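Colleague: Can we go through this one together? I would like to start with the charged pairs and then move on.

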Amino acid sequence: MLYSFFNGKWMQISKLQSQRKSLSTPEEPTALDILLITIQDILSYHKRSHQRLSPGLYLGYLKLCSSVDQIKVLVTQKLPNILCHVKIRENNNISKEEWEWVQKLSGSESMESVDHTSDCPMQLFFYELQMAVKALLKQINTPLHQARNFRLYTQEVLEMGHNVSFLLLLPASDDVCTAPGQNNPYTPHSGFLNLPLQMFELGIVACFT
């Protein structure tokens, strides 16, 4: 809805759009014309960016893209305030033993070199993480063989608030941020967008505070 400071009345946006007679040309629309054309998209984005995740532990994918004047973050159109992600489990906490195991896993050459046999207490966590990685790679349209150099971020578990925690999956070091003129080796399906970092940060704050 639109508020007029001159007469103190509220007006439905749809009514304003129908009554507005543009004085500009299609080639040179006025600022008001552009606002009215895009207002529904703006409202839709605002609504989606305030959705919260249900409590749990998630695996997020961090992929950046830089240009001359800004850095953008890969997100989904459905949840533009959160990194591309999949849920690992309902419990958002990671035990000391699990965290030590994750760090050991990240330091190994491959998952196969880490003990995850049937008598290993980390077997369930390994399975949950393995399934999450596969689901996330499918979501971002990256075959498993192309993700051999992907890494888990092991400096910390990101605690987002509202009992939501994140582990981060990172591309190879040289591919975390795609520079201008550089081809992006990981092309997601439709339904994704590269959101300016400032807008993404505002969405995070709005969602988890």
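Modeller: What follows covers salt bridges, a surface patch and a pocket, in a model that is predicted.

Colleague: How many salt bridges does the structure hold?

Modeller: The structure holds three salt bridges. As background, side chains of opposite charge can pair when their charged atoms come close.

Colleague: Which residue does Lys 87 pair with, and how far apart are the closest N and O atoms?

Modeller: Lys 87 pairs with Glu 90, and the closest N and O atoms are 3.0 Å apart.

Colleague: Is Glu 90 buried or exposed?

Modeller: Glu 90 counts as exposed, because its relative accessibility is 59% and the cut-off for exposed is over 50%. Lys 87 has a relative accessible area of 29%, so it is partly exposed.

Colleague: What about Arg 89, which side chains does it meet in salt bridges?

Modeller: Arg 89 meets Glu 98 at 2.9 Å, N to O. Arg 89 also meets Glu 128, at 3.8 Å from N to O. Arg 89 sits in strand E6 (residues 84-89) and Glu 128 in helix H4 (residues 123-139), so this pair ties together parts that are 39 residues apart in sequence. Through shared partners, the salt bridges join Arg 89, Glu 98 and Glu 128 into one network.

Colleague: Are those residues buried or exposed?

Modeller: Glu 98 and Arg 89 are buried. Glu 128 has 18% relative accessibility and therefore counts as buried, since the cut-off for buried is under 20%. For Arg 89 the value is 13%.

Colleague: New topic. Which residues form the nonpolar patch on the surface?

Modeller: The patch is formed by Leu 124, Tyr 127 and Met 131, and together they have about 310 Å² of accessible area. Met 131 belongs to helix H4 and counts as partly exposed, at 32% relative accessibility.

Colleague: Now pockets. What volume does the second largest pocket have?

Modeller: Its volume is about 180 Å³. The second largest pocket is lined by 13 residues, and the closest to its centre are Leu 83, Leu 158, Met 160, Phe 200 and Ile 204.

Colleague: Which element gives the largest share of that lining?

Modeller: Helix H5 does, with three residues. Strands E5 (71-76), E8 (158-161) and E9 (164-170) and helix H5 (197-208) each supply at least two residues of the lining.

Colleague: And how many of the lining residues are nonpolar, polar or charged?

Modeller: The lining of the second largest pocket has 13 nonpolar residues, no polar ones and no charged ones.

Definitions and conventions:
Residues numbered from 1 in each chain as written. Predicted model: local features only at pLDDT ≥ 70, side-chain atom pairs only at ≥ 80, totals over all residues. Heavy atoms only, no water. Salt bridge = Lys/Arg side-chain N within 4 Å of Asp/Glu carboxyl O. Buried < 20%, exposed > 50% of the residue type's maximum accessible area, 1.4 Å probe, protein only. Helix = DSSP H or I, 4+ residues; strand = E, 2+ residues; numbered from the N terminus. Patch = residues over 30% accessible without salt bridge, like charges linked within 9 Å, V, L, I, M, F, W, Y side chains within 5 Å. Areas by Shrake-Rupley, 256 points an atom, 1.4 Å probe, with all protein chains shown as cover. 1 Å grid on protein atoms, 1.4 Å probe; cavity = no way out; pocket = protein on both sides within 12 Å on 5 of 7 lines; lining within 4 Å. Points joined across faces, edges and corners; volume = space filled by probe spheres on them. Nonpolar A, V, L, I, M, F, W, Y, C, P; charged D, E, K, R; others polar.
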